[in-house]
Amino acid sequence: MKTFLKKLNINATKIDSYLKKFLVKKEKSYFLQVPMKYGVFSGGKKFRSSIVISMGKIYGINFKKLIIISAAIECIHSYSLIHDDLPSMDNDDFRRGKLSVHKKFNEYTAILAGNSLLTLAFEILTESDFKASQKNKNELINTLSKCAGYSGLAGGQYFDLTYENKIVSQKNIIEMQKKKTGELFGFCCESVAIMKGLNLKKRKKLKEIGINIGLLFQTVDDLIDHKGKSSIVGKPTGRDKKKGKATLISLWGYKKTLDFAKILKRDICQEIKTYVPKANDLLDSVEFILERKF
Ligand code: GRG
């Protein structure tokens, strides 16, 4: 766990320093850079990037390219958290041990900073220092757009909010979580398949593994919300129950959900061993998901 966290931090520093290039004063400064930096450099784990980097290393993708793809993914992730915390969504005042962006600044600033981080992701992927072919860049942007929008993150978030205080089936909860959280993890793996030019069948398989990693990550997130310590998590826990969120815990309780997570982790590891060669770092990342306390 300690070694994994060390690696996570090393990569996080590299991604942050790449991102700073886009968000530091150049010839002109713009106010929105302030809340954007607050949202993106606020101590997130950058766990999604560890999936990109370990998967990318397996397929021999250049490290700088992996950092650039990770930077784009972290922008989308931070945008989604900023919007998720808004009063009209989850209405959370704290994130990563600090005031959430709309509390630190105000609501319209948080909306605009989130929008700007979303578009920054696409700016990053079209920069000339990202030395990928035009074909690969187009494919990455097309895939990331679908994964962030109505058929992915935003679509999943819509159901997350719509399902509050309703009785929701296991199938619908899992579908919602695969969209809200899984799709971005799917992109972490699929982006490597795109860069490597893997065939569609293999690309679909890697995406599916990523989505399941995301489902596991979200399930553990819900377990942490149920039982975790807010001082470690960086935000108040027990919020899902208060808000009447439709989670697997609301359906099955803590113990059965933990058992589900353990079985899901075992199945994901088995799939990785079957389809991905030399995947030790990737398997370490999956192990971390269940061990994590934050
Ligand atoms: C408004 C168009 C529109 C879209 C909003 C808000 C949103 C789209 C999607 C939300 C998706 C969401 C917040 C999912 C939760 C995923 C999750 C488990 C977040 C926590 O991730 P960590 O633990 O966070 O990786 P850190 O802080 O480490 O980065």
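# Close-up views of a predicted model

**Figure 1. Serine 191 within helix α9.** Serine 191 is found in helix α9, and it is shown here, as in every view below, in a predicted model. The residue is buried, with a relative accessible area of 1%, which places it under the 20% limit used for that term. When its neighbours within four places in sequence are left aside, serine 191 is in contact with Val52, Ile69 and Leu140. Val52 belongs to the stretch 47-58 that forms α3, Ile69 to the stretch 63-84 that forms α4, and Leu140 to the stretch 134-148 that forms α7.

**Figure 2. The bend and the end of helix α9.** Helix α9 covers residues 170-196 and bends by about 55° at glycine 182. Of the 27 residues of α9, 19 are buried, so this helix is largely enclosed by the rest of the structure. Just after α9 comes glycine 197, which takes a positive phi of about 70°. A glycine is thus found at the bend of the helix, and another glycine directly follows the helix.

**Figure 3. Methionine 195 and its surroundings.** Methionine 195 also lies in helix α9, and with a relative accessible area of 13% it is buried. Not counting residues up to four places away in sequence, methionine 195 touches Ile61, Lys65, Ile69, Phe130, Ala132, Asn136 and Leu140. Two of these residues, Ile69 and Leu140, are also in contact with serine 191, the buried serine of Figure 1. The C-alpha atoms of methionine 195 and isoleucine 211 are separated by 18 Å, although the two residues are 16 residues apart along the chain.

**Figure 4. Threonine 143 in helix α7.** Threonine 143 is found in helix α7, which comprises residues 134-148, and it is buried, with a relative accessible area of 10%. Residues up to four places away in sequence being left out, threonine 143 touches Phe187, Glu190, Ile194 and Arg203. Among them, Phe187, Glu190 and Ile194 fall within the span 170-196 of helix α9. Spacings of three or four places matter for such a face, because an α-helix has 3.6 residues a turn and residues three or four places apart therefore point the same way. From threonine 143 to serine 17 the distance is 25 Å in space, C-alpha to C-alpha, and the two are 126 residues apart in sequence.

**Figure 5. Helix α2 and the elements around it.** In helix α2, 6 of the 8 residues are buried, so the helix is largely enclosed by the rest of the structure. The buried residues are Gln33, Pro35, Met36, Tyr38, Gly39 and Val40. They pack against the helices α1 (2-23), α4 (63-84), α5 (101-104) and α6 (107-126), and also against the strand β2 (98-99).

**Figure 6. Two lysines with positive phi, one buried and one exposed.** Lysine 46 lies in the loop between α2 (33-40) and α3 (47-58), and its phi is near 60°, a positive value in a residue other than glycine. Lysine 278 is found in the loop between α14 (254-275) and α15 (280-291), and its phi, near 40°, is likewise positive in a residue other than glycine. Lysine 46 is buried, with a relative accessible area of 7%, whereas lysine 278 is exposed, with a relative accessible area of 80%.

**Figure 7. Aspartate 284 in helix α15.** Aspartate 284 lies in helix α15, and with a relative accessible area of 39% it is partly exposed. Between the C-alpha atoms of aspartate 284 and lysine 229 the distance is 24 Å, and these residues are 55 residues apart in sequence.

**Figure 8. The whole protein, as a setting for the close-up views.** The protein has 15 helices and 2 strands, and its C-alpha atoms fill a box of roughly 50 × 50 × 35 Å along the principal axes. A compact globule of 294 residues would have a radius of gyration near 19 Å, and the value of 18 Å for the protein agrees with this. Of the 294 residues, 52% count as buried. Among contacts between residues at least 6 apart in sequence, 74% join residues at least 24 apart. The accessible surface comes to about 14,200 Å², of which 55% belongs to carbon and sulfur atoms. The mean positions of the 54 positive and 30 negative charges are 4 Å apart.

Conventions
Residues numbered from 1 in each chain as written. Predicted model: local features only at pLDDT ≥ 70, side-chain atom pairs only at ≥ 80, totals over all residues. Heavy atoms only, no water. Helix = DSSP H or I, 4+ residues; strand = E, 2+ residues; numbered from the N terminus. Rg over C-alpha atoms; globule rule 2.2 N^0.38 Å. Buried < 20%, exposed > 50% of the residue type's maximum accessible area, 1.4 Å probe, protein only. Contact = heavy atoms within 4.5 Å. Areas by Shrake-Rupley, 256 points an atom, 1.4 Å probe, with all protein chains shown as cover. Lys, Arg positive; Asp, Glu negative; His and termini not counted. Charge placed at Lys NZ, Arg CZ, Asp CG, Glu CD. Bend = angle between axes of the 7 residues up to and from the residue.
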